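The exercises below each pose a task and then work through it step by step. Have the sequence and the coordinates open while working.

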Amino acid sequence: MTPTWVKSILESEIVWFLARLLGTFFYWFAGIGFLLDFESAKGAVTSFGMQPVALIAGLTIFVQLGGSALVIIDRFVWLGAGMLSVFTVLSVVFVHNWWIMEGAMRQQNFITAQEHLTVMGGLLAISILSHIRREWKNGGGY
């Protein structure tokens, strides 16, 4: 049985907001940085050999900020989390592609890829919980 004080924390709207805010921090923080310094965003895209640079940099910012916003405001969370998850998979394939690297770079990017999978699991959990909370509020129960 869950203690009453723990239940209060877990059901708190503030804690639910913080979970969504922190669960997307990785993305919106980078997105804001790239938005404020678009040349840096283009430099990151260029460093990975991607083209067209400005388009990919702009799409990156859009997905990072747009997907995060949907999750944070608790609307279409599945879509925002999906956008961020697709972006994350693509970053593993095109940026953290450890399977073509050697030595320390291989190990570092393998660990980063594992961390990215963990973040995707968190986004999935947030999507599920958002759906369940909405059902509770609408009297659907679970």
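A helix here is a DSSP run of H or I with at least four residues, and helices are numbered from the N terminus. The model is predicted.

**Exercise 1. Place H116: name its helix, state whether it is buried or exposed, and list its contacts beyond the sequence neighbourhood.**

Step 1. H116 belongs to helix α7.

Step 2. The relative accessibility of H116 is 7%. Buried means under 20%, so H116 counts as buried.

Step 3. Set aside the neighbours within four places in sequence; H116 is then in contact with F26, T88, S91, V92 and H96.

Step 4. Compare this list with the buried residues of α6. T88, S91 and V92 are among the buried residues of that helix.

**Exercise 2. Check the length of helix α6 against the expected span, then describe which of its residues are buried and what covers them.**

Step 1. Helix α6 covers residues 77-94, which is 18 residues.

Step 2. The expected span is 1.5 Å times one less than the number of residues. For α6 this gives 26 Å.

Step 3. The end C-alpha atoms of α6 are 25 Å apart, so the model agrees with the expected span.

Step 4. The buried residues of α6 are V77, G80, A81, M83, L84, S85, T88, S91 and V92.

Step 5. The cover over these buried residues includes α3, α5 and α7.

Step 6. Now take a residue of α6 that is not in the buried list. V86 lies in this helix, and its relative accessibility of 51% makes it exposed, because the threshold is over 50%.

Step 7. V86 also belongs to a nonpolar surface patch with V89, L90, V93, F94, W99 and I100. Together these residues have about 660 Å² of accessible area.

**Exercise 3. Count the aromatic pairs and classify the geometry of F25 with W28 and of F26 with Y27.**

Step 1. Aromatic rings pair if their centres lie within 6.5 Å. By this rule there are seven aromatic pairs.

Step 2. For F25 and W28 the centres are 5.1 Å apart and the planes make an angle of 85°. Planes over 60 degrees apart count as edge-to-face, so the F25 and W28 pair is edge-to-face.

Step 3. F25 and W28 are three residues apart in helix α3 (residues 25-36), and so are separated by about one helical turn.

Step 4. F25 is partly exposed, at 36% relative accessibility.

Step 5. The F26 and Y27 pair has 5.0 Å between centres and 90° between planes, and is likewise edge-to-face.

Step 6. The two partners are covered to unlike degrees: F26 is partly exposed with a relative accessible area of 43%, whereas Y27 is buried with a value of 0%.

Step 7. Ring pairs also link F25, W28 and F29 into a cluster.

**Exercise 4. Find the salt bridges and decide which of them share a partner.**

Step 1. The criterion is a side-chain nitrogen of Lys or Arg within 4 Å of a carboxyl oxygen of Asp or Glu. The count is three salt bridges.

Step 2. R133 and E13 form a salt bridge with an N to O distance of 2.7 Å. R133 is in helix α7 and E13 in helix α2 (residues 13-23), with their positions 120 residues apart in sequence.

Step 3. R133 is buried at 9% relative accessibility, while E13 is partly exposed at 43%.

Step 4. K137 forms a salt bridge with E13 as well, the closest N and O atoms being 3.5 Å apart. K137 lies in α7 and E13 in α2, so this pair ties together parts 124 residues apart in sequence. K137 is exposed, with a relative accessible area of 59%.

Step 5. K42 and E39 form a salt bridge whose closest N and O atoms are 3.2 Å apart. Both residues lie in helix α4 (residues 38-47), three residues apart, about one turn of the helix.

Step 6. K42 is partly exposed at 23% relative accessibility, and E39 is exposed at 55%.

Step 7. Through shared partners, E13, R133 and K137 are joined into one network.

**Exercise 5. Locate G58 and state how far F34 is from it in sequence and in space.**

Step 1. G58 is in helix α5 (residues 53-72).

Step 2. With a relative accessible area of 29%, G58 is partly exposed.

Step 3. F34 is 24 residues from G58 in sequence, and their C-alpha atoms are 8.9 Å apart in space.

Note on methods:
Residues numbered from 1 in each chain as written. Predicted model: local features only at pLDDT ≥ 70, side-chain atom pairs only at ≥ 80, totals over all residues. Heavy atoms only, no water. Helix = DSSP H or I, 4+ residues; strand = E, 2+ residues; numbered from the N terminus. Buried < 20%, exposed > 50% of the residue type's maximum accessible area, 1.4 Å probe, protein only. Phe/Tyr/Trp six-rings, centres within 6.5 Å; stacked < 30°, edge-to-face > 60°. Contact = heavy atoms within 4.5 Å. Patch = residues over 30% accessible without salt bridge, like charges linked within 9 Å, V, L, I, M, F, W, Y side chains within 5 Å. Areas by Shrake-Rupley, 256 points an atom, 1.4 Å probe, with all protein chains shown as cover.
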